[in-house]
Amino acid sequence: MSDYHFKSTVRVPFERVKEWSAEIYEKMGVSKRDAEIIADVQATADVRGVYSHGIQRCETYVWRIQNGTIAPGAVPVIDGDAGAFVMVDGRRAMGQISAFYAMQTAVERARKYGSSTVTVKGGNHFGTMAYYSMMAAKEHMIGITFTQGAGNNIAPTGGKEPVLGNNPIGYAIPAFSKPPVVVDMALTTVAMGKISMAQTVGNSIPLNWALDREGNPTSDPNQCHTLQPIAGYKGYGLSFATTLLTAVLCGAPWGYEQRDLLSRTHKYANDPLDIAYTMQVIDVGALMDAEAFEKRVDAAIEEIKSVPLREGVEEILVPGEPEHRTMERQMREGIEYPEELIAKVNRLSEEIGVSALV
């Protein structure tokens, strides 16, 4: 949550957020079961402090349903099946539904074959990567997720125009007595959703987040033209590789053919996004004792956290630990939202005829 600096805030119980979010999507023609999945994905993002992928996305998803680029009643289908390698056609369903189906399929196939790869075409923006990776971890498996992102926001090193997505990658590795180790990161310094949140709240952004149209660092989120990749050319390299493992692999558009999720004025704003993603699962228990592996993960976590600390540092955290702690606190106290976002989603509620969030 350190990337967010809220002024006035409101706390909302986790279950209320889910209830409200599900009501939104049912109103838009999504089935009750699917609406509850979408709501759980969004509320889970917010309760973990990943506000860039929670209910602030509702307005864009509703707009996409209204303009026909999301098919609220669509059901993803298997379009190619080689056993441990599966291709899914999302058929423009809500991204959370095609991603959930893909990871469910990946878990089932890994249980049968020891490991699996499921790639998706015809997808939409699906929210936080961690949710789907953790689906595998809950089954005592290792979950790995890739996506090309929803719109171009990385320029190749040396270029001025974005031609690659921020292409998030995610991992969830189960532990025995500790929370899973969870890595969920865009290949840009921050996700575009954090730029959007800064715009909503009216905050400036750090100079290492974005570049303007001239390729210069900017602290104004409204001047963001290109996001900065992590680790410079290394982040660009990872982004290109992820594009090859998702969009190029399953024949989805990428580069200058890629659609833009956020901008209603983009020339492709009313075209289907057709986002690609790839899910991989490793069933540790296929070759070794899963409980013994998870105990080794526990030991690895303890060793990492036992490293001598630099001066002024109180504790070493492992990936996913800050979000897990935020989740535990916000499950007790309610999810803390900025008043500006509450006002925004309440306006959406009024526009489509559902009860206000609070």
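## Cysteines

Is cysteine 250 buried or exposed? In this predicted model, cysteine 250 has a relative accessibility of 8% and therefore counts as buried, the limit being under 20%. Cysteine 58 is likewise assigned to the buried class, because its relative accessibility is 0%. With a disulfide taken as a pair of cysteine sulfur atoms within 2.5 Å, the count for the model is zero.

## The seven-stranded sheet

Seven strands make up an open sheet with mixed pairing, arranged in the order β2-β3-β4-β11-β5-β6-β7. The edges are occupied by β2 (77-81) and β7 (181-185); each has a single partner strand, so one side of each is left without a neighbour in the sheet. From one strand to the next, the twist averages 15°.

At the β7 end of this order, β6 and β7 run antiparallel and are joined by five bridges. Within this pair, tyrosine 171 has valine 183 of β7 as its bridge partner. Helix α7 lies across β3 (85-89), β4 (115-123), β5, β6 and β11 (275-282). Relative to β11, the helix runs at about 110°.

## The three-stranded sheet

A further open sheet consists of three strands in the order β9-β8-β10, with antiparallel pairing. Its edge strands are β9 (217-218) and β10, each of which pairs on one side only. Strand β8 (residues 210-211) is connected to β10 by two bridges in the antiparallel sense. In this pairing, alanine 210 stands opposite leucine 227 of β10.

## Nonpolar cores

The largest nonpolar core comprises 61 residues. The residues with the most contacts inside this core are Tyr25, Ile55, Met94, Met103, Tyr132, Met279 and Tyr337. Helix α4 (residues 95-113) gives the most to the core, contributing eight residues. Another core, of twelve residues, lies apart from it and includes Ile144, Ile169, Val284 and Val318.

Which residues are in contact with tyrosine 132, leaving aside its neighbours within four places in sequence? They are Val41, Gln96, Ala99, Phe100, Met103, Phe126, Thr145 and Met279. Two of these partners, Met103 and Met279, are themselves listed with Tyr132 among the residues with the most contacts inside the largest core.

## Packing of helices α6 and α10

Helix α6 (residues 192-201) packs with helix α10 (residues 339-352), their axes being 9 Å apart and set at an angle of about 95°. Angles of 65 to 115 degrees count as roughly perpendicular, and α6 and α10 are therefore roughly perpendicular to each other. On the α6 side, the contact is made by Met197, Thr200 and Val201. The α10 side supplies Glu340, Leu341 and Lys344.

## Loop residues with positive phi

Asparagine 167 is not a glycine, yet it has a positive phi of about 45°. This asparagine is found in the loop between β5 (142-147) and β6 (169-173). Because its relative accessibility is 0%, asparagine 167 counts as buried.

Alanine 231, also not a glycine, has a positive phi of about 55°. It lies in the loop between β10 (226-227) and α7 (233-250). Is alanine 231 buried or exposed? Its relative accessibility is 56%, and exposed means over 50%, so alanine 231 counts as exposed. The two loop residues thus fall into opposite classes: asparagine 167 is buried, whereas alanine 231 is exposed.

Notes: Residues numbered from 1 in each chain as written. Predicted model: local features only at pLDDT ≥ 70, side-chain atom pairs only at ≥ 80, totals over all residues. Heavy atoms only, no water. Buried < 20%, exposed > 50% of the residue type's maximum accessible area, 1.4 Å probe, protein only. Core = buried A, V, L, I, M, F, W, Y, C linked by side-chain atoms within 4.5 Å. Helix = DSSP H or I, 4+ residues; strand = E, 2+ residues; numbered from the N terminus. Contact = heavy atoms within 4.5 Å. Pairing = 2+ DSSP bridges. Axes fitted to C-alpha atoms, helices over the stretch in contact; angles between N-to-C directions. Parallel < 35°, antiparallel > 145°, perpendicular 65-115°, else oblique.
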